[in-house]
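Please examine the sequence and the three-dimensional structure shown below. The paragraphs that follow lead through its sheets and helices, beginning with a single pair of strands.

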Amino acid sequence: MIAIYSLLYQQILGHFSDKTMTNHAKQLITFLTLALITLFVNAENNLKLLINQPQKISGQPIYIQIFKEENLLELYTEKSDGLLQKVRSYPICSYSGGLGPKKFQGDLKSPEGFYQVNNMQLNPNSRFYRAINLGFPNQYDKSKGYTGDFLMIHGACKSVGCYAMTDEIMDEIYQFAELALKNGQQAINIHIFPFKMTAENMAKHQYSSDIDFWQQLKPAYQYVEENNKIPLVTVERGRYLVRDIPAINSLPNTENKWLQNTYASIK
């Protein structure tokens with residue numbers, strides 16, 4: 001459509017070769033033409049917004065994936081049949097420490113792995129606008145002796161070990177989480193990956209010192225891609241084990257009890 005408006009503008013300019021037209025008249029016609037094109041463009045954009053209006057926050061159970069390398073947080077709702085529907089893809093404003101899991105307090109790393117969030121981990125009055133505490137360390141982290149606390153998804157667009165979003169985006173993520181938990185979801189699964197775990201990306205990072213850890217995460221990524229459901233994840237002998245069965249996202253799940261993370265008071 002922009003090309004059509006540009007052509008219209010050029011055609012109008014072509015009539016300005018008429019030597020009988022004063023400069024004032026030419027300027028007036030140019031101004032009115034540009035104003036009309038702007039009006040058309042705005043109307044077209046508003047129509048697109050009405051047609052492609054995003055899904056409202058309904059209070060359905062949700063599931064979150066984070067991809068560090070892509071700077072991406074993807075939010076899904078879970079339908080009554082357990083199938084996931086991606087409803088938002090948000091840019092991550094900031095995270096720290098590069099790829100790889102968080103191992104100790106002060107390494108400035110943002111965590112990777114599988115976490116669950118309940119209502120006690122939400123803070124609407126954080127000094128980082130709004131905050132969702134990830135619950136680091138979970139059972140896996142503790143089995144490795146990893147240390148750290150106050151690791152969150154939050155606003156304010158700055159991070160030391162957290163995943164920082166703009167306040168506007170964080171407000172929407174927080175609303176999704178708060179309504180889902182109020183409507184009966186017991187815990188929100190948050191799966192944090194170093195990158196989208198495609199064969200190409202795994203090959204690109206095959207010589208990383210973290211490749212064994214990432215191989216433990218990859219089956220969860222694949223399960224969601226192939227089944228459009230959340231996998232059941234447990235910890236056995238200090239390793240993540242992704243079961244080939246779906247987790248129960250909206251109800252208490254005793255097999256997922258290990259994910260009842262230990263978390264400090266939320267900042």
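Strands E5 and E6 (residues 129-133) pair in the antiparallel sense over 3 bridges; two strands count as paired if DSSP finds at least two bridges between them. Helices (H or I, at least four residues) and strands (E, at least two) are DSSP runs, numbered from the N terminus. Within this pair, Ser-126 has Tyr-129 of E6 as its bridge partner. Strands of a sheet pair through backbone hydrogen bonds, either parallel or antiparallel.

The model is predicted, so local features need pLDDT of at least 70 and side-chain atom pairs count only at pLDDT 80 or more, whereas totals for chains, interfaces and linings use all residues. Residues are numbered from 1 along each chain as its sequence is written, and side-chain values use heavy atoms, with hydrogens and water left out.

The pair just described belongs to an open sheet of 4 strands in the order E5-E6-E7-E8, with mixed pairing. Strand E5 (122-126) and strand E8 (163-164) stand at the edges, and each has a single partner strand, so one side of each lacks a neighbour in the sheet. Helix H4 (residues 167-182) lies across E5, E6 and strand E7 (152-154), and runs at about 50° to E6. Such angles run from 0 to 180 degrees between N-to-C directions, with axes fitted to C-alpha atoms, for helices over the stretch in contact; contact means heavy atoms within 4.5 Å.

A further open sheet has 5 strands in the order E3-E2-E1-E9-E4, and its pairing is mixed. At its edges stand strand E3 (84-91) and strand E4 (113-117); each has a single partner strand, so one side of each is left without a neighbour in the sheet. From one strand to the next, the twist averages 20°. E1 and strand E9 (residues 188-193) pair in the parallel sense over 5 bridges, and Phe-193 in E9 is the bridge partner of Phe-67. H4 lies across E1, E2, E3, E4 and E9 as well, running at about 150° to E3.

Where is Glu-70 found? Glu-70 is in the loop between strand E1 (62-67) and strand E2 (72-78). Because its relative accessibility is 30%, Glu-70 counts as partly exposed; buried means under 20% relative accessible area, exposed over 50%, and partly exposed in between (1.4 Å probe, protein chains only). Although Glu-70 and Phe-195 are 125 residues apart along the chain, their C-alpha atoms are separated by 6.4 Å. Leaving aside neighbours within four places in sequence, Glu-70 is in contact with Pro-194, Phe-195, Lys-196 and Asn-201.

Helix H6 (residues 211-227) has 17 residues and should span 24 Å at 1.5 Å a residue, which agrees with the 24 Å between its end C-alpha atoms. The expected span is 1.5 Å times one less than the number of residues. H6 bends by about 30° at Leu-217, and Pro-219 follows within four residues; the bend is the angle between axes fitted to the seven residues ending there and the seven starting there. Buried residues of H6 include Phe-213, Trp-214 and Tyr-221. After H6 comes Asn-228, with a positive phi near 60°.

Finally, strand E10 (residues 231-236) and strand E11 (residues 239-246) pair in the antiparallel sense over 5 bridges, and Pro-231 stands opposite Pro-246 in E11. E10 and E11 form a hairpin with 2 residues between them, and Arg-237 in the turn has a positive phi of about 55°.
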